[in-house]
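Take a walk through this structure, one site at a time. Keep the model open and follow the residues as they come up.

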Amino acid sequence: MVKLKPGIFDIEDLENVKIEIKEIMGEKMPEEEWAPMGPTPKPKIPDLRYWDRILLKRYPPFYAPQCDTCILCTMGKCDLTGNKRGACGISLEAMQGRIVLLACLAGCSAHAAHGRHMLHDIEHMKGELDKIPIDFGTEINVEAPLTRLITGIKPKTVADLKEVFSYIEENIVQLGDALHTGQEGSALDFESKAYQMGMLDSLGKEAADIAQIAAFNFPIGPDRPLLDVGMGTLDTNKAVILVIGHNAPPATNICDYIQDHNLEDEVDIGGVCCTALDSSRYSTIVKLASSLGRQLRVIRAGLVDCIVVDEQCIRADIIEQAQKVGTPVIFANDKKMHNLEIRDGDDPDEIVKDLVSGNVPGVVLLDPLNVGEVAVKVAQQIKPIRRKKGWILSDEEFKKQVEACTNCGNCTIACPNGIRIGDGHKLAAEGDSSLLASQFDICIGCGRCEQVCPQNIPIVSTMIKAAWPLIQEEKGKIRQARGPIFDTEIRTVGAPLVLGTIPGIIAPIGCGNYPNGTKDVYTIAKEFGDRGYIVCLTGCMLIDTGLYKDEDGKTLFETHPDVFDKGGIINVGSCVSNAHIHDAAIKVANIFAQRNIRGNYAEIADYILNRVGACGVAWGAMSQKAASIAAGFNRLGVPAVVGPHSIKYRRSFLGRKDKEEDWYVYDARNGERVYVGPVPEHLLVVAETIEECIPLTAKLCMRAADTPAGRSIKLTHYIDLNQKYLGDYPDDWHLFVRSEADLPIAKRTELLQKLEAEQGWKIDWKSKKIVEGPKVYYNPSFDPTNIKDLIRTKKE
Amino acid sequence: MAELKMLPFDAGNIPGPKMGRVTAPKIIGKMIKRAKKPLLICGSNIEEHGSIDKAIEIGKKGIPIAASGNAIVAFRNKGYMDNVKYVLLNDLANCLRDPEWKGLDGKGNYDTVIFIGSLYYLTSGILASLKNFVPHIKALAIDPYYQPNADMTFGDIWRKKDEYLAMLDEVIGEL
Ligand code: SF4
Ligand code: SF4
Ligand code: SF4
């Protein structure tokens with residue numbers, strides 16, 4: 001290598017010279033001026049605090065402690081009940097905020113570290129990052145809305161994402177610092193920090209997903225092919241490999257190995273959770289065996305010959321569980337190594353031998369390029385050995401086990417869903433397994449019951465046996481993940497969304513810790529898809545939605561269009577892909593409303609809060625990632641409804657519709673303070689049942705800027721869904737009526753009568769107009785904002 | 001069996017130094033009777049154990065009912081809607097913590113809330129909030145479970161439906 005001295009060089013006569021400029025030292029290369037920089041590029045902790053305070057004033061945190069003590073430092077344990085402060089001076093309320101921030105720290109770190117890890121893998125597998133363009137074709141100009149919005153960077157190659165991750169990593173450390181004893185003491189500032197963490201989380205997800213789309217050529221856009229989903233789709237005539245986790249590069253290497261060696265007829269690959277979703281974007285040979293809720297059951301049913309895990313949401317006792325059914329495990333990520341040997345340098349055949357012979361229960365292979373060969377060979381060689389044994393309980397064994405049950409109830413007390421397993425066993429002992437079989441779906445597969453059974457009954461296995469006929473028939477369909485929403489789709493739906501004629505974007509996302517089984521997620525998606533909402537699914541809720549079929553044997557992905565448009569039910573992708581749902585809302589502001597998004601977070605969040613009727617539904621939210629995802633959605637002005645187990649996150653953000661003073665905004669045209677009603681009423685709210693969740697979600701799609709046509713449609717759905725699921729009108733529907741134009745024409749007379757009789761509003765019956773009553777402001781050119789600085793002409 | 005009775009239905013649900021007192025039904029009944037403004041909060045499991053009929057009996061004694069989740073449907077099916085209102089439990093609890101809240105009847109906040117038909121873990125979280133941040137309200141739990149975050153609670157009796165219903169009758173007897 002020749003080092004050049006500073007100066008001017010004449011290189012005209014040189015031949016075969018390749019000059020590479022990696023980075024310009026000293027001064028950085030100025031970025032192309034693609035848009036004026038907004039006020040908060042790469043915001044630090046205090047920069048968006050003013051926006052957080054606007055949100056937290058309207059939606060203050062509601063805390064439900066899961067533990068009334070603290071033992072984070074050695075001055076504890078501190079009893080924080082009854083307004084007592086800890087030895088460090090912290091209150092129980094602030095302590096809840098602290099725990100929430102801690103959860104968001106873990107969640108955000110998981111996404112960001114996954115993204116950073118992937119950059120390393122991509123460099124290793126695909127070559128230099130600056131040679132991999134971020135170019136998603138002619139349908140997408142705004143390639144990375146969150147990145148542009150938060151950092152002000154317009155990434156051109158995957159290498160540009162390094163700077164994005166550096167920004168995230170520095171800020172995670174700063175926020176993590178605030179968790180130390182003797183730092184933050186205010187619950188509200190902990191929440192502002194949790195919002196900051198949530199925002200970083202959204203950014204990390206986006207960067208991770210666009211990196212993998214660009215590097216692995218994941219297909220994007222509508223009309224994706226259908227994929228198999230469900231435990232029944234695994235073909236045990238072949239050797240079966242199961243991939244579990246979230247970081248797909250090792251799984252892509254398995255796909256390559258199978259396809260390069262034409263082994264599709266001999267080896268089946270299925271997946272659990274997001275690795276399944278992401279590797280199926282790489283190759284459609286991957287089946288989606290199950291969501292997280294079935295992880296233990298897929299393993300314990302003995303369907304799998306080799307398990308490959310990467311990171312996040314994988315059972316910590318995976319070796320012990322896999323050992324029960326003779327399945328070796330390959331650990332392909334340094335976040336999770338279970339005290340096993342790292343075998344990357346070894347001869348693959350030696351590793352295979354060790355795993356097949358049972359010399360070792362598992363190995364660590366950190367180079368994704370080493371995983372495919374070992375996994376495939378292990379699965380192929382162990383298959384004949386494993387097939388000699390039956391892993392599902394025999395009829396006699398099952399009978400023996402269920403008859404041993406004394407119905408003592410220990411398992412029920414251990415069970416997160418309080419399942420009456422003893423009753424199921426009792427009936428099964430009498431020859432009727434139907435109750436036990438039905439409990440299979442309500443079970444979240446945690447395995448706690450087994451550990452407390454005094455009779456040592458393998459409850460997970462008895463349930464699998466009872467449900468085995470159903471499991472074999474569990475064969476659904478979902479679309480392959482589509483990733484980002486096209487700019488062209490946003491142009492089509494921008495106006496209907498902001499005007500309300502498409503009543504909202506519903507985002508069922510997150511994990512499988514449901515209160516009452518997987519069918520609920522299908523019901524939620526179907527209800528909103530049928531009503532013309534755009535339903536954007538990601539993660540485990542997505543996988544479970546595909547399990548159910550209508551009378552014609554069709555899943556929702558076959559009956560509803562695969563487009564981001566009215567009535568579409570789409571697979572956006574894995575957990576990191578749900579950044580594209582944030583992105584869709586940002587693009588509405590950018591492409592449809594022509595707002596500058598560069599480094600302009602608060603203005604865009606304010607736009608979304610007041611105009612874009614989007615609402616998340618995380619019915620089975622379980623992980624810390626789900627906590628940071630929700631915080632990221634909330635800070636961007638998108639509310640979310642969570643299932644009842646989510647009370648254990650300890651915090652929700654609730655508005656008070658009875659406090660009129662909370663619902664004033666500015667009209668940006670003139671600075672007038674106007675009452676807009678409770679829209680959206682809550683930012684993060686726990687629902688108890690889906691009958692409650694569904695109308696509530698519809699309600700949370702109403703926005704201050706809804707046009708009368710849009711509001712009447714949203715109101716119709718809200719009332720209708722209340723009647724359908726709760727049997728009556730909601731008691732607050734009048735709060736959303738600004739004038740008679742907000743009332744659906746078909747029901748106008750009936751609704752006016754109710755307003756007159758129940759609310760004492762004055763109606764002019766000749767013209768069917770409301771003369772007196774509604775308090776809510778609306779004007780066709782109304783420009784609502786919660787941010788004073790966005791007022792254009794201040795009132796004197 | 002007092003010890004057994006303090007067993008939470010979620011075995012790990014041990015919140016800390018302040019745990020709900022297992023209380024005899026008669027005393028709970030007297031507490032409700034003495035309350036200036038009680039509210040019976042019925043959850044989505046109200047049809048389990050036959051609790052709904054007992055809740056209606058309590059309602060008939062003049063105690064207003066808040067029905068959360070889909071419990072309102074159960075009351076409507078029973079033809080009893082006299083003093084029953086739908087609530088979202090998370091939202092209701094948020095209002096309860098404000099002493100200035102006007103209540104479901106517009107006449108002010110409550111001084112005693114009684115939980116029945118609860119989704120156990122959800123209500124446990126809500127009770128933790130009331131216990132720690134809402135000193136102006138007494139929270140009682142009359143489900144067949146031990147609720148560690150309630151001020152006063154029934155013990156662990158879910159395996160014995162008849163005994164449980166008899167306990168509810170004792171409560172009602174005091175009203
Ligand atoms: S961090 Fe504070 S509250 Fe927690 S144990 Fe230490 S002194 Fe106690
Ligand atoms: S713990 Fe065991 S014996 Fe007791 S009810 Fe459950 S399965 Fe039966
Ligand atoms: S494995 Fe299933 S049945 Fe057993 S405790 Fe967990 S959720 Fe309940």
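A:His111 sits in helix 2 of chain A, which runs over residues 92-126. The model is predicted. UniProt, in an unreviewed entry, gives A:His111 the feature "binding site". Is A:His111 buried or exposed? Its relative accessibility is 1%, so A:His111 counts as buried. The cut-off for buried is under 20%.

What does A:His111 touch, leaving aside neighbours within four places in sequence? Its contacts include A:Asp201, A:Gly204, A:Lys205 and A:Ala208. A:Gln312, A:Cys575 and A:Val576 are also among them. A:Lys625 and A:Ile629 are in contact with A:His111 too.

One of those contacts, A:Cys575, leads on to another annotated set. For "binding site", the unreviewed UniProt entry lists A:His246, A:Cys274, A:Cys313, A:Cys511, A:Cys540 and A:Cys575. Why do they count as one spot? They span 330 residues in sequence, yet no two of their C-alpha atoms are more than 12.5 Å apart, so they gather in one place.

Start with A:His246. It lies in the loop between strand 5 (239-244) and helix 6 (249-260) of chain A. A:His246 has 3% relative accessibility and so counts as buried. Beyond its neighbours within four places in sequence, A:His246 is in contact with A:Cys274, A:Cys313 and A:Cys575, among others. Its contacts also include A:His114, A:Cys273, A:Thr275 and A:Asp278. A:Asp310, A:Glu311, A:Gln312 and A:Lys625 are among them as well. A:Gln312 and A:Lys625 also appear among the contacts of A:His111.

Now turn to A:Cys540. Helix 20 of chain A, residues 539-545, holds A:Cys540. A:Cys540 is buried, because its relative accessibility is 3%. Neighbours within four places in sequence aside, A:Cys540 is in contact with A:Cys511 and with A:Gly510, A:Gly512 and A:Tyr514. A:Cys273, A:Ser291 and A:Leu292 also contact A:Cys540.

Next comes ligand 1. Which residues are closest to ligand 1? They are A:Cys70, A:Cys73, A:Cys78, A:Cys88 and A:Arg98, and 13 residues surround the ligand. By class, this shell has nine nonpolar, three polar and one charged residues. UniProt, again in an unreviewed entry, places "binding site" at A:Cys70, A:Cys73, A:Cys78 and A:Cys88. They span 19 residues in sequence, but no two of their C-alpha atoms are more than 10.5 Å apart, so they gather at one spot.

Two of these cysteines deserve a look. A:Cys73 is in the loop between strand 2 (69-70) and strand 3 (78-79) of chain A. Its 25% relative accessibility is why A:Cys73 counts as partly exposed. A:Cys78 lies in strand 3 of chain A. At 13% relative accessibility, A:Cys78 counts as buried. Residues up to four places away in sequence aside, A:Cys78 touches A:Cys70, as well as A:Asp68, A:Thr69, A:Gly86 and A:Ala87.

Ligand 2 has its own cysteines. Of the 14 residues around it, A:Cys405, A:Cys408, A:Gly409, A:Cys411 and A:Cys453 come nearest. Helix 13 (410-414) and helix 14 (421-429) of chain A are the elements that give two or more residues to this shell. By class, the shell around ligand 2 has seven nonpolar, seven polar and no charged residues.

Then look at a helix pair. Two packed helices are described by the angle between their axes and the distance between the axes. Helix 10 (residues 348-357) and helix 11 (residues 371-387) of chain A pack at about 35 degrees, with their axes 9 Å apart. The crossing of helix 10 of chain A past helix 11 of chain A is right-handed. From helix 10 of chain A, the contact includes A:Ile351, A:Val352, A:Leu355 and A:Val356. Helix 11 of chain A brings A:Val374, A:Val378, A:Ile382 and A:Ile385, among others. The residues of this contact divide into nine nonpolar, one polar and three charged.

Finish at A:Met199, in helix 5 (residues 187-216) of chain A. At 0% relative accessibility, A:Met199 counts as buried. Its C-alpha atom is 9.6 Å from that of A:Ala630, with their positions 431 residues apart along the chain. Leaving aside neighbours within four places in sequence, A:Met199 is in contact with A:Pro43, A:Leu48, A:Ile150, A:Tyr167, A:Tyr601, A:Gly632 and A:Arg635.

How values were computed. Residues numbered from 1 in each chain as written. Chains lettered and ligands numbered in written order. Predicted model: local features only at pLDDT ≥ 70, side-chain atom pairs only at ≥ 80, totals over all residues. Heavy atoms only, no water. Axes fitted to C-alpha atoms, helices over the stretch in contact; angles between N-to-C directions. Helix = DSSP H or I, 4+ residues; strand = E, 2+ residues; numbered from the N terminus. Left-handed = near helix turned anticlockwise from the far one by under 90°. Contact = heavy atoms within 4.5 Å. Nonpolar A, V, L, I, M, F, W, Y, C, P; charged D, E, K, R; others polar. Near = heavy atom within 4 Å. UniProt positions renumbered as here; feature names shortened; annotations may be inferred. Buried < 20%, exposed > 50% of the residue type's maximum accessible area, 1.4 Å probe, protein only.
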